[in-house]
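Q: Please walk me through the terms used here, and tell me what each one rests on.

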Amino acid sequence: MFNKILIANRGEIAIRIIRTCKSLGIKTVAVYSEIDKNALHTKLADESICIGPAKSKDSYLNMNRIITAAQLTNADAIHPGFGFLSENSKFVDLCKENNITFIGPSSEVIDLMGNKSNAKNTMIKAGVPVVPGTEDPVYDAEIGKRLADEMGYPVIVKASSGGGGKGMRIIENSTEFIEGFNVAQGESVNSFADNTMYIEKYIRNPRHIEVQILADKYGNVVHLGERDCSIQRLHQKMIEESPSPAIGDELRKVLGETAVKAAKAAHYENAGTVEFLLDENGDYYFIEMNTRIQVEHPVTEMVTGIDLIKQQILIAAGQKLAYTQDDIQIKGHAIECRINAENTLKNFMPAPGKINAVHFPGGFDVRVDTALYAGYVLPATYDSMIAKVIVHGSNRKEAIEKMKAALDELVINGVETNANFQYSIMNNPTYVNGEATTGFIKDLLS
Ligand code: MV4
């Protein structure tokens, strides 16, 4: 087992990882940028090292400084959390060259899944359903138009290097194709220095359902049920839950088994998530695989009772999975509301500032993952997500009631947050009936 783990991240996820390390008797090293000198993760770790200026590029994305920090502190492994270097295959290679264990999948599988069209083609070969579309890369708008005309509209043009909405364009008809393609491709070139595109049939108002998997170094793979992440805005999820209210036990089993098949086909190792779109007919399609621990992992932890960070560490240390599929039971219902410092009505504009006072809800099966404390100055430099409120109930109705009570109890003074907006969603009939699709928030605000 590892003696000491460096956490290459900040905020609530860094703290989340530190806590599991402590529970395993593993020492922890925090890294921080100059503006994060007083951030909570630096105080909770056993040691802390400054790795550079506020800008992520100079600190949390600076691979060499992070490796040096690990060497100076004798850390034998690095947990990347999510975002930052978590899906950077060069960083994985650099860890390996320096005899430091990267807690996550191989650099090969990160590259394979990072290219969304290659990932899709891998899944086609494995017999996993994907959205109908082009299999060969598309570089040219005119050629793309001919393929889209054959496919029929609407279509969605996606950047192979994309994901999370960047370099993506919905195109309603043939006359709009050339312009739409060029905008998406331009975005891809700017963001990823890659002009490789692919085209898919556009599925209107899908549900976004993802399956959590765990895979060890020996080819053993299990799934931990699904999360419904349909409630999102500007490609950022806002509410996640498990299980999904949109599917029954039969489809649940099929999705889980499909996700395991996908992970096996990719020779995946560590924790990962297989993303599907579910259409109005109940048909499901693989779209992407995320090769990191995700923001919304706590809802899976609440319904399975399994600490996913602990599993990541054990897998990276070379242990065999302690669970077979039959050992994993989904119990009750969990919901997570992301609390962001933002102005909902000003297109979710970030609202950083000094936190004057905080009070977090508690009680049976109520969890708050956060790095906030009274007096903390929330910088504008990083993400606006400042807390996650997670509740577990014996059923969905109970979980919704518990979430309402938790959000009602929550106090964050000093910055504007979306907590009231989240509360209002817990009372929204479409949400309460389990009918919200990916268009829900846009429709709510328009
Ligand atoms: C789609 C889709 C509909 N049809 N693909 C969004 C992020 C990325 N992970 C995949 N995404 C989507 N892919 C097909 N073939 C709908 C989404 C999607 C979306 C697209 C545009 C604007 C907002 C969206 C919100 C959720 C999902």
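A: Gladly! On a 1 Å grid over the protein atoms alone, a cavity is a set of points where a 1.4 Å probe fits but cannot get out. Grid points are joined across faces, edges and corners, and a volume is the space filled by probe spheres set on the points. This is a predicted model, in which local features need pLDDT of at least 70, side-chain atom pairs count only at pLDDT 80 or more, and totals for chains, interfaces and linings use all residues. Residues are numbered from 1 along each chain as its sequence is written, and side-chain values use heavy atoms, without hydrogens and water.

Q: How many cavities of 30 Å³ or more does this rule give?
A: The count comes to two, and the largest has a volume of about 70 Å³.

Q: What makes a residue part of the lining of the largest cavity?
A: A lining residue has an atom within 4 Å of a point. The largest cavity has 13 of them, with Arg207, Asp228, Ile231, Glu241 and Tyr431 nearest its centre.

Q: How do you know how much area domain 2 and domain 3 bury between them?
A: Buried area is the accessible area (1.4 Å probe) that two parts lose on being put together, summed over both. For domain 2 and domain 3 that is about 360 Å², 53% of it on carbon and sulfur atoms.

Note on methods. On a 1 Å grid over the protein atoms alone, a cavity is a set of points where a 1.4 Å probe fits but cannot get out, and a pocket is an open set with protein on both sides within 12 Å along at least five of seven lines; lining residues have an atom within 4 Å of a point.
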